[in-house]
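Work through the exercises below with the structure open. Try each task before reading its solution.

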2 protein chains.
Amino acid sequence: MAAMTTRESLAAVDAADPLARHRDAFVLPAGVIYLDGNSLGPLPRATPGRLAEVVEREWGEGLIRSWNAAGWIDGPRRVGAKIATLVGAEADEVMVTDSTSVNLFKLLAAALRLNPGRSVILSEPENFPTDLYVAQGLVELLGGRARLRLEPPERLAAGLTADTAVVLLTHVSYRSGAVHDMAALTAAAHDAGALVLWDLSHSVGALPVDLGKAGADLAVGCGYKYLNGGPGAPAFLYVAERHHAGFHQPITGWLGHAEPFAFESGYRPAPGLARALAGTPPILSLAALDVGVDTVLAADPAALRAKSIALGDLFIELVEARAAGHGLALLSPREAARRGSQVSFRHPHAYPLMQALIARGVIGDFRAPDILRFGLAPLYLRRVDVWDAVEALVEVLEKRAWDRPEFLTRATVT
Amino acid sequence: MAAMTTRESLAAVDAADPLARHRDAFVLPAGVIYLDGNSLGPLPRATPGRLAEVVEREWGEGLIRSWNAAGWIDGPRRVGAKIATLVGAEADEVMVTDSTSVNLFKLLAAALRLNPGRSVILSEPENFPTDLYVAQGLVELLGGRARLRLEPPERLAAGLTADTAVVLLTHVSYRSGAVHDMAALTAAAHDAGALVLWDLSHSVGALPVDLGKAGADLAVGCGYKYLNGGPGAPAFLYVAERHHAGFHQPITGWLGHAEPFAFESGYRPAPGLARALAGTPPILSLAALDVGVDTVLAADPAALRAKSIALGDLFIELVEARAAGHGLALLSPREAARRGSQVSFRHPHAYPLMQALIARGVIGDFRAPDILRFGLAPLYLRRVDVWDAVEALVEVLEKRAWDRPEFLTRATVT
């Protein structure tokens, strides 16, 4: 089939794409093919105007009054309720707050308390590093009252022993893009008496997530990847309603108090998930996240998933047909149902190769030690973008264009 | 002296005020006298333009590349270094990150670890509530390995027993505006073998703070009050350089790792204070904070303090001369050296009184149970603003204008 695919044939499919109009909702610089929306989503066209409104009217004119008058105080719950519809949750089960790392800390501590008598946090060695780091920090703080145990994916089920309090997993791997079977793993954990905390950072906004149907207990997720919320957008957390009464997280800041403005000296947790809040939310960054979430809400989730799969299949097919013999090895699952919205290849010279691609305007990213990662966000990418990206990749490989001093020196962030 | 003071005489003093030009750096809505900059600083004129640049050029055009190219990754350290100059710290002793509440949690946990064998967090009952709440949450998480003990200010020194690990105090009281003697209390704590954690939220940007000279150990502070960083601006934390090697905080997110982009599975703390970071910082809110900090850096700190004192003395003098017999009782210290940049009065009808003032464009705030709080930010307020605010207060009191149903109903945030 690859032999029959042409740029023109792909352009024709793009023209009939029911999601095509969503591309216009974003600023996409000329000369750039952006395959890194899984690291930082692009700027929605509506964001600058909304931010100007928040800054100039709500802050500038409204001043302190905007906490009520402009609804700032309600932002974490209001934007959380929007995200809830993307992850199969009820409106009162999601809050926008803090960073993914801070939320992981809160929810892991809460999970240990929800499941007393059990001390193990079970995860896998290739989980997203911050998930493991945060678990390590909590375990160290608790000094012997908790442990972190890592098992490779194929041994997770066997690792569910009677001391397992919570299983900490990322739904879609940041490296390979492999998707965990959320429903099956959640059921297995529950059968063993454990809770599950899902990190949705690499899935929310790009593929269907149904926390409710899976019976998931806890979740966190990122606002600046497929949700297009802007650099460092606040993160979100999810706690299933059945756990709300027993949910207690340790960073008991004033916004999680039952009456923050009573200024009592003793902490009383707010009813429901408001107790998951700690300090004052960054309203400007939250406003940008709100707009970003709207860009995803505007699209049909089933169409997004179908296009994501089509883009991934096309990318793999074109790379394997046109770049054969250049040392690329597919890291992502070939089977679309097991793959998120990214395709990763290994290559011995992955770092300079990606720098050479970026210099040509094809922006993906490198992940240590040898991974080329290409995010294929279905909301704004076209099939011709995939074609052009592969053309650039083939050219870089054939001309060994990566083999230059300027591409071999590593920058801080890649 | 009050009898001789007129609006005209104050306008003449304003005209000669060496800080007068700084008022032009802010958007101050017509018809508003803003005495709540200690809760949310006003909008700097430079902020909308800078934000548009960050959003449209750095995010929109630069996309993921701006983490390096626009220096986003360096923001917490770079803006922290600016704040360091306002609090008597070295550039590498301050980081901008997270919220004040989250930073309190990190530093209290770190303090207990820096001072092993001691378990008590000593504070005062009228500390800012979130400080106490966060300490309570940490103590509960540590389950018996730490305790919170509260002593009134006059008994703090006596409360410094051999089990005191850290003293947690707010430099300027959010209620009364009373200033703690940072150097004396720090020395007393050190004499007793305890560390001190200062909350600078109600002092930084409005009065001189010298953590270095006081020999302070740890500090946190707020970005959205006198630093004019915008609603929910990120907070900052300070750790004296001598503690860096032993400093370990428990929310070990990826940005605090020695090599965040190596994606190792084990946490290794970054050298220096970078280990205080956890998740990805909210870049838009951080950019606004950067501009806000610049508005303070542009002014002479000694002139700011002198004017702050003059505004406070004037406010007290005018209220006591013109509103005598209306039930107002000064809560703030009369002695200027012991008072921060706010003046608080008690009144039995404080809540509706403040609502009536706000309805007239004089924006201060109410703090439970009976406090009228007036922030007197020297950077943008004039003596005639103080005059006009007192005129409005006198009118509201004399006409009992507060005694209306619409002012008696409490809103969520006040």
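A nonpolar core is a set of buried Ala, Val, Leu, Ile, Met, Phe, Trp, Tyr and Cys residues joined through C-beta atoms within 7 Å. The model used here is predicted.

**Exercise 1. The core**

Task: Find which residues have the most contacts inside the largest nonpolar core.

Solution. Step one: the largest nonpolar core holds 274 residues. Step two: the residues with the most contacts inside this core are A:Leu108, A:Val166, B:Leu108 and B:Val166. Step three: take B:Val166 and leave out residues up to four places away in sequence; among the residues it touches are B:Leu108, B:Ala111, B:Leu112 and B:Ile121. B:Val166 also touches B:Asn115, as well as the run B:Ala194, B:Leu195, B:Val196 and B:Leu197.

**Exercise 2. One helix**

Task: Check the length of helix 4 of chain A, then decide where its buried residues lie.

Solution. Step one: helix 4 of chain A covers residues 75-86, which is 12 residues. The expected span is 1.5 Å times one less than the number of residues. For helix 4 of chain A this gives 16 Å, and its end C-alpha atoms are 17 Å apart, which agrees. Step two: list the buried residues, which are A:Gly75, A:Pro76, A:Val79, A:Gly80, A:Ile83, A:Ala84 and A:Leu86. Step three: look down the axis of helix 4 of chain A; the buried residues fall within an arc of 165°, so they line one face of the helix. Step four: name the partners. The buried residues of this helix pack against strand 4, strand 10 and helix 9 of chain A. Step five: look past the end of helix 4 of chain A, where A:Gly88 follows with a positive phi, near 70°.

**Exercise 3. Two domains**

Task: Describe how the domains of chain A meet.

Solution. Step one: the domain assignment gives domain 1 as 2-43 + 300-408 and domain 2 as 71-297. Step two: the centres of these two domains of chain A, taken over C-alpha atoms, are 30 Å apart. Step three: 26 residues of domain 1 are in contact with 21 residues of domain 2. Step four: on the domain 1 side, helix 10 of chain A gives the largest share, 4 residues.

**Exercise 4. Two chains**

Task: Describe the side of chain A that touches chain B.

Solution. Step one: 75 residues of chain A are in contact with 75 residues of chain B. Step two: helix 6 of chain A supplies the largest share of the chain A side, 10 residues. Step three: by class, the chain A side has 46 nonpolar, 21 polar and 8 charged residues.

How values were computed:
Residues numbered from 1 in each chain as written. Chains lettered and ligands numbered in written order. Predicted model: local features only at pLDDT ≥ 70, side-chain atom pairs only at ≥ 80, totals over all residues. Domains from an automatic or database assignment. Contact = placed C-beta atoms within 7 Å. Helix = DSSP H or I, 4+ residues; strand = E, 2+ residues; numbered from the N terminus. Nonpolar A, V, L, I, M, F, W, Y, C, P; charged D, E, K, R; others polar. Buried ≥ 20, exposed ≤ 12 C-beta atoms within 10 Å, placed from the backbone. Arc of directions from axis to C-beta.
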